[in-house]
Amino acid sequence: MRKILIVGAGQSGLQLALGLQSQGYEVTLMSNRTADEIRTGRVMSTQCMFRTALQHERDQKINFWEGQAPRIEGLGVSVAAPDSSRAIDWVGKLDGYAQSVDQRVKMAGWMETFAQRGGQLVIHGAAVSDLDFFSRTYDLVMVSAGKGELVSMFGRDASRSPYDAPQRALAVAYVHGLGPRPEHPDYDAVRCNLVPGVGELFVMPTLTTSGRADILFWEGIPDGPLDVFRGVKDPAEHLSLTLELMERFTPWEYARATKVELTDAGGTLAGRYAPTVRNPIGRLPGGGLVLGVADVVVANDPITGQGSNSASKCAASYLASIVERGEEPFDETWMQSTFDRYWATAQHVTKWTNAMLGVPPEHVLNLIGAAGRLQPVANRFANGFNDPADFENFFYDPSLTNAYLAEVSGAAAAE
């Protein structure tokens, strides 16, 4: 039985650990926090997962909260005009519903499941020296903890990392009491509110430790009017700032948020990081090798909501590569090819996310505007969140965008 160590108990680490466990591997999972500490701690993400990522959980039969979490059936885009009205406002229908389950709920539950199924769970904040020792006793060591000392083992890939500084200041609040959007009350949707030159507000339903809730998530351009959360420790002050900014920049969202309250004292989060692609293989002082997983090696800004989706897809891809390897060694060549297999999917996420962080070119503005008149365009844009590879066909190249819009307009005129 092959022995595998996974360091980090997030979406990718736990999904991979549970998947390998079900395939008969002897898996050790190392986490710096217990399940109870995770469950009672601070929120970690917004984690809206779309159809393909959710299917990976279903395939492993670890979709424990699917019946409880709100079904997100649409994705809407609103663009603020200079007078704070909506210049653009539409919603696209998803082909398969999305869901958000608070990672405090999911990771704590998965961790307990892993232990109940006989997995070895070690509560320890691993250092490079620990991995140097463990690499001699395990067939494969993988690092899925995306922060701290361990990440420094994986060098930045400058050719795939156009930004060397954070492009957004992030601020998240989990709330109860948010009212519905009056224009679309019949199903849940993620709302992407774009404020040109300022940043973005995302609003999405979620399942948290206290049941159904909604997430208010600001992404502010650094040093702009939204970049005011650094140093804010008081959750009530964080929510107050969130609402003040909504009233100023997205009054249509503020109108349904006047009665909200935080879900719990741990329901806020703020921070920033530079989007970075790293080399997938870490070299230990003693000569051993470790393989980076998910956002350890491909960390995108959350502006496109891809973090948990990419983590799930990475875990599924790595699981397949490990199982297919059989009894052959997990050597450097295999590690690189395993990452390359995942990168074939991840590259589309990185390209799209980095594009959305910049000032949108005219043809993209035309595309977003046309979605308000042409429902097929809105639907296709919304479903790109599940499969970002499709943006290659109609998003980046002005000629492809124009040809697509002409085709959809012609079809609409012919009806």
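On a 1 Å grid over the protein atoms alone, a pocket is an open set of points with protein on both sides within 12 Å along at least five of seven lines, whereas a cavity is a set of points where a 1.4 Å probe fits but cannot get out, and lining residues are those with an atom within 4 Å of a point. Grid points are joined across faces, edges and corners, and a volume is the space filled by probe spheres set on the points.

The model on screen is predicted, so that local features need pLDDT of at least 70 and side-chain atom pairs count only at pLDDT 80 or more, while totals for chains, interfaces and linings use all residues. Residues are numbered from 1 along each chain as its sequence is written, and side-chain values use heavy atoms, with hydrogens and water left out.

**Stop one: a pocket**

Select Leu 194, Glu 200, Met 356, Gly 358 and Pro 360, which lie nearest the centre of the second largest pocket among its 32 lining residues. This pocket holds about 530 Å³ of space. Strand 4 (72-80), strand 9, strand 10, helix 9 (332-357) and helix 10 (362-370) each give its lining at least two residues; helices (H or I, at least four residues) and strands (E, at least two) are DSSP runs, numbered from the N terminus.

**Stop two: a cavity**

Strand 9 (188-195) and strand 10 (199-208) also each supply at least two residues to the lining of the largest cavity. Select Val 190, Phe 202, Met 204, Thr 304 and Gly 305, the residues nearest its centre out of the 13 that line the largest cavity. Its volume is about 100 Å³, and the structure holds three cavities of 30 Å³ or more.

**Stop three: helix 11**

Next select residues 375-383, which form helix 11, and pick out Val 377, Ala 378, Phe 381, Ala 382 and Asn 383 as its buried residues. Buried means under 20% relative accessible area, exposed means over 50%, and partly exposed lies in between (1.4 Å probe, protein chains only). These buried residues of helix 11 pack against strand 4, strand 5 (86-100), helix 10 and helix 12 (398-414).

**Stop four: salt bridges**

A salt bridge here is a side-chain nitrogen of Lys or Arg within 4 Å of a carboxyl oxygen of Asp or Glu, and by this rule the count comes to 23. Select Arg 181 and Glu 183, whose side chains meet in a salt bridge at 2.8 Å, N to O. Arg 181 counts as buried because its relative accessibility is 4%, whereas Glu 183, at 30%, is partly exposed. Extend the selection to Arg 86, Asp 89, Glu 253 and Arg 256, which are linked with Arg 181 and Glu 183 in a network of salt bridges.

Then move to Arg 160 and Asp 157, a salt bridge in which the closest N and O atoms are 3.8 Å apart. Arg 160 is partly exposed at 29% relative accessibility, while Asp 157 is buried at 14%.

**Stop five: Arg 278**

Finish at Arg 278, in the loop between strand 14 (276-277) and strand 15 (281-283). Which side chain of opposite charge is nearest to Arg 278? That side chain is Asp 295, 7.1 Å away, and Arg 278 is buried yet has no salt bridge. The side chain of Arg 278 does, however, reach the backbone oxygen of Val 296 at 2.9 Å. Leaving aside neighbours within four places in sequence, Arg 278 has contacts (heavy atoms within 4.5 Å) that include Val 151, Phe 154, Asp 157 and Ala 299.

How values were computed. Lys, Arg positive; Asp, Glu negative; His and termini not counted. Polar contact = N/O pair within 3.5 Å; in protein donor to acceptor, adjacent residues only side chain to side chain.
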